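The exercises below concern packing, ring pairs and charged side chains. Work each one with the structure open before reading its solution.

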Amino acid sequence: MATIAFLLNGTPQRCNVSPDTSILTLLREHLAQTGTKEGCASGDCGACTVAIGELTADRQHFTSANACITPAHQLQGRHLVTVEGLSEKGHLHPAQEAMIECHGSQCGFCTPGIVMSLFTLHSDLTQRPAPLLQELSPERLEAALGGNLCRCTGYRPIRDAALRMNDTPYERPQWFDATLPASEGNTQTTDSLGTAPFFAQPTSLEELTQLRQASPQARLVAGGTDLWLESTQRLVPLDRLIDVSRVAELLTVEEATHENQRGWWIGAGVTYTQLEPLFEAHFPAFAHLLHRLGSQQVRNRGTLGGNIANASPIGDTPPVLLALGAQVVLASVNGERGLALEDFFLDYKKTALAADEVVSRIFIPQPTEGSQLRVWKLSKRREDDISALLGAFSYRIVQGSLRDVRIAFGGMAATPKRARAAEAALEGCIISAAASAEAFRAAQQALDHDFQPMSDVRGSQHYRQQAAKNLIERLYLSLSAPDHEVMLHAYAH
C-alpha cells in the first residue's frame with residue numbers, strides 16, 4: 001500500500017491505497033466524495049475533472065486534471081479540490097453561480113467537471129491585475145473547456161457562464177490558505193521474489209536509476225495519461241510502479257548557449273503546459289500543435305519524455321522532434337548516453353532503452369537562421385483526439401531554394417519516422433522555378449518507398465498514403481503562395 005498525505009478541499013487527509021489507485025477511485029470509493037463523476041474512464045470526456053493545487057511563488061496554483069487517469073499517489077503534498085469544496089458559508093463559487101444563471105446544466109452528470117475546469121480558469125485569471133473579461137480570449141476559453149463534453153445542454157450557455165463568472169463577487173475561502181502537508185518519503189520495497197506490490201516516488205535522478213536497476217520490471221509513470229488506460233480500459237494491474245514526477249532533474253528546462261550546441265535541454269518530466277511559453281517563442285508551429293494534443297487536462301499532466309518513451313507510432317510530438325533534429329539522453333547507474341531521436345525508435349513499441357535505463361532529457365536545437373517549421377495533424381476531431389496522421393516539415397530557404405529539408409511522419413510506419421527519400425527529392429529545389437512542381441511530385445512518389453503504412457480504425461493504408469502526399473502538396477502550395485492560407489487554420493477565430 002502507498003501512503004498519501006494531502007489536502008482535500010482544505011482538510012488534511014492521509015490515505016493508504018494500492019499503487020494503481022486513481023484519484024477518482026480514491027475520492028468515490030475511499031473518501032465517499034461522489035460529486036466527481038466517471039464518464040469515459042479514459043480522459044476524454046472531462047466529467048471527472050478535479051483541480052490539483054501546488055505552491056508556486058508563494059501562492060497556490062491550480063491546474064485541471066482528469067481524476068480517472070491521474071495516479072492518486074501523485075497527490076502527495078498537494079491540494080486536491082473537488083466540486084464539494086467550492087461553496088463557502090452557503091455561497092456558491094462564481095463558476096457555479098454563472099452555470100445556474102446561464103442555464104448551463106441539464107442532467108448534471110458532466111456539470112461537476114465543467115465547473116472544476118471553470119474554477120481553475122477563474123483561479124488563474126483572477127489572481128492577475130487585469131480583469132477576467134480582458135484576459136479571457138476565445139482561444140483561452142476553448143483550451144479551458146476543450147476537454148469537457150456535454151451531451152445535453154450544448155456549449156453556448158456554458159460559454160456564457162464562463163464569460164459571466166466575473167460578475168459575481170468572490171472572496172477566497174479559508175482553505176485557499178491552508179498549509180500543504182510536508183512531502184514525505186513514499187518508497188516501498190518488494191520482496192525477494194518480486195511478487196509483492198511495489199511503489200516508489202524518487203526525488204533525484206540518482207535515486208531513480210538505482211530503483212530502475214533494482215526493479216527493471218516496474219512500470220515508470222509520469223503524467224499517467226497513457227499508461228493509466230491499461231488499468232481503466234484493459235484492467236491490467238499496475239501494482240509495481242516507480243513515479244518519476246518528483247525527480248528534480250527531470251523537471252527542468254535549460255538553455256544551452258555553447259558555441260557548438262545551442263538549444264534547450266528539456267527534462268523528461270516537463271509537461272506540455274509548461275513547454276507552451278518556450279514553443280510559442282521559438283517554435284510557433286509546435287506550440288500550435290499542443291493546442292490539439294489532448295485536452296487542457298491532458299496537457300497539464302502529460303510529459304514530453306512520456307510521449308517519447310511510450311514509442312507510439314501515432315504520438316504527436318516525436319515526428320516534430322525528428323524534423324527538428326532532436327536528441328535524447330538515457331540515464332542509468334552507469335551514467336548517461338545520448339543518441340539521435342531517430343535512433344531511439346527501433347520497432348513498434350520497441351526502443352533503444354536498456355532494461356536499467358530511463359529517458360532523462362531531450363535536446364532541441366535552436367532554429368538556424370531562416371529555418372521554418374510546419375506541422376499538420378489529421379484526426380477525426382479537431383482537438384482531444386489521436387492522430388490518424390501527422391506530418392512535420394523543417395527546412396531553410398536559401399536564395400530561393402530549399403535546404404536542410406527534414407520531413408517526418410507519425411501514423412505511417414511502426415515508429416515515428418523520417419521520409420528520407422522525399423527529403424532527398426526536395427533538397428535544393430528552387431521554389432520559384434517551373435521545375436519545382438516536378439520536384440514535389442517526385443517527393444510525393446518517394447513516399448511509396450519511404451513508407452508502407454498499416455490499416456486500422458483511424459485510416460486505411462490507402463488513406464494514409466494519399467493523405468501524406470496531400471500534405472506535401474499543401475507544403476508546395478504554401479511555399480508557392482506564402483501570403484495565402486491554403487487550408488483552414490485549426491483555430492480560425
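A residue is called buried at under 20% relative accessible area, exposed at over 50%, and partly exposed in between (1.4 Å probe, protein chains only). The model is predicted: local features need pLDDT of at least 70, side-chain atom pairs count only at pLDDT 80 or more, and totals for chains, interfaces and linings use all residues. Residues are numbered from 1 along each chain as its sequence is written, and side-chain values use heavy atoms, with hydrogens and water left out.

**Exercise 1.** Find which members of the largest nonpolar core touch the most other members, and which helix gives the most to this core.

Solution. Start from the term: a nonpolar core is a set of buried Ala, Val, Leu, Ile, Met, Phe, Trp, Tyr and Cys residues joined through side-chain atoms within 4.5 Å. The largest core has 52 residues, and those touching the most other members are Ile266, Phe279, Phe286, Val320, Leu341 and Phe344. Helix H10 (residues 284-291) gives the most, with five residues; helices (H or I, at least four residues) and strands (E, at least two) are DSSP runs, numbered from the N terminus. Next, list the buried residues of H10: Ala285, Phe286, Ala287, Leu289 and Leu290 are among them. Then look at what surrounds them, taking contact as heavy atoms within 4.5 Å. The buried residues of H10 pack against helices H9 (272-282), H11 (296-301) and H13 (317-323), and against strands S16 (371-378) and S17 (389-398).

**Exercise 2.** Describe the ring geometry of Phe279 with Phe286, then that of Phe344 with Phe345.

Solution. Rings of Phe, Tyr and Trp (its six-membered ring) pair if their centres lie within 6.5 Å; planes under 30 degrees apart count as stacked, over 60 as edge-to-face and the rest as tilted. The structure holds 10 such aromatic pairs. For Phe279 and Phe286, the centres are 4.2 Å apart with 10° between the planes, a stacked pair. Phe279 has a relative accessible area of 0% and is therefore buried; Phe286, also at 0%, is buried as well. The centres of Phe344 and Phe345 lie 5.3 Å apart with planes at 80°, so this pair is edge-to-face. Phe344 and Phe345 are both buried. Finally, trace the links: ring pairs join Trp264, Phe279, Phe283 and Phe286 into a cluster.

**Exercise 3.** Determine which parts of the chain are joined by the salt bridge between Glu276 and Arg299, and which by that between Arg420 and Glu342.

Solution. A salt bridge is a side-chain nitrogen of Lys or Arg within 4 Å of a carboxyl oxygen of Asp or Glu; there are 18 in the structure. Glu276 and Arg299 meet at 3.9 Å, N to O. Glu276 belongs to H9 and Arg299 to H11, so the bridge ties together parts that are 23 residues apart in sequence. At 22% relative accessibility Glu276 is partly exposed, whereas Arg299, at 2%, is buried.

The side chains of Arg420 and Glu342 meet at 2.1 Å, N to O. Arg420 is in helix H14 (residues 420-426) and Glu342 is in the loop between strand S12 (335-340) and strand S13 (345-347), 78 residues apart. Arg420 is partly exposed at 46%, and Glu342 is partly exposed at 26%.

**Exercise 4.** Identify the network of salt bridges that contains Arg418 and Glu423.

Solution. First take the pair itself: the side chains of Arg418 and Glu423 form a salt bridge of 2.8 Å, N to O. Arg418 is buried at 12%, and Glu423 is buried at 5%. Shared partners then join Glu342, Arg406, Arg418, Arg420 and Glu423 into one network.
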